[in-house]
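Some terms used for a protein model rest on cut-offs. The turns below set values against those cut-offs.

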Amino acid sequence: MKFNDFLQHLSTYEPGKDIELIAKEYGVKEVIKLASNENPFGTPPKALESLKQNANKAHLYPDDSMSELKNKLAQKYGVKNENIIIGAGSDQIIEFAVHAKLNPKNAFLQARVTFAMYEIYAKQCGAKCYKTTSITHNLDEFKKLYEEHRAEIKIIFLCLPNNPLGECLNRSEVLEFMRGVDKDCLLVIDGAYNEFASFKDSKKHLKPCELIKEFENVLYLGTFSKLYGLGGLRVGYGMAGAKIIKALYKLRAPFNVNNLALKAAAAALDDESFTQKTLENNFSQMELYKEFAKKYSIKSIESYTNFITYFFDEKNSTDLTEKLLKKGIIIRNLKSYGLNAMRITLGTPYENERFFTEFESILKEL
């Protein structure tokens, strides 16, 4: 059977490894997953209660207006319902944006190392990809590439903070860059981890309402998979001017997010004690990871997310990842990004201590 030619050159997204499969494959009783940037404290109590209360409604189609969740998001972020679209994860909103703007005659721009789904979705449309040579977001390189290919580039992706590296630009430099972009070029600001960056440093904080007010060509993305602990329910959102949202809605299938997920997401927004606990734990534990890296001369980038990335010179990240798997610890090897590095999700104090103990024994054996 023949398929479309673009599939021959399209990479498959590599998800985190499954806990049960690793336990079975390696014969490990206790497996700790620090690979997919999930919330180490699980699901917010208020979201769990919502799931229990609404479980008997699983046979019903969801409210396709999604008004309850939109109302709460609108109130939280100072926007209107007409400025919001809900997706099955924020990556579905990325897919909508790409199909709305890209085709084989134009191009998109991104950092060399960033969220893989930008490129995967864009190449499905046959669009050309321009990437910076720097692995992190270097706005001088973004400006240069944009100026050279201004007529072609119809989407610019800025992942703030950036996955899988963790760095984050300041709000002021982001706004300055955005002001030099043509209005017909869609600026996608992926804020999947922006709550973490905002907690750590107010200079990184991006307000969707301010972005929408100044820029008619901006699309801000958020998710309930990270801070809000609902990765398994797949709920994300996009915020933009009404014209952009109307265009994206034409690509959305009805009932694209299930009713239990919508209810749980709305409840999670109310569980502020849970999110505060998550943020405080995240950055207190981050300091331990930085100290560990310093102790063993491991390079890392200052992270504004719920993960940290370790870079290696002589040691091989693939070998290290495999050794950790044998000890029941799943982390993310970044060889698929062309990096000799590993990304580690910050877990609970117990999970992190287990990582330090096992990884230290591995390093001492080398």
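Q: What makes β3 and β4 paired strands, and in which sense do they run?
A: This is a predicted model, in which local features need pLDDT of at least 70, side-chain atom pairs count only at pLDDT 80 or more, and totals for chains, interfaces and linings use all residues. Residues are numbered from 1 along each chain as its sequence is written, and side-chain values use heavy atoms, with hydrogens and water left out. Strands are DSSP runs of E, at least two residues, and helices are runs of H or I, at least four, numbered from the N terminus. Two strands pair if DSSP finds at least two bridges between them. β3 (residues 107-110) and β4 (residues 128-131) have four bridges and run parallel, so they count as paired.

Q: Which residues stand opposite F108 in β4 and in β5?
A: C129 does so in β4, and I155 is the bridge partner in β5. β5 (residues 153-159) pairs with β3 in the parallel sense over three bridges.

Q: Why are both faces of β3 called covered?
A: Buried means under 20% relative accessible area, exposed over 50%, partly exposed in between (1.4 Å probe, protein chains only). A107 and L109 on one side are buried, as are F108 and Q110 on the other, so both faces are covered.

Q: How do you know which residues of α2 and α11 meet?
A: Contact means heavy atoms within 4.5 Å. K46, A47, S50, L51 and N54 in α2 meet L260, K263, A264, A267, A268 and D270 in α11.
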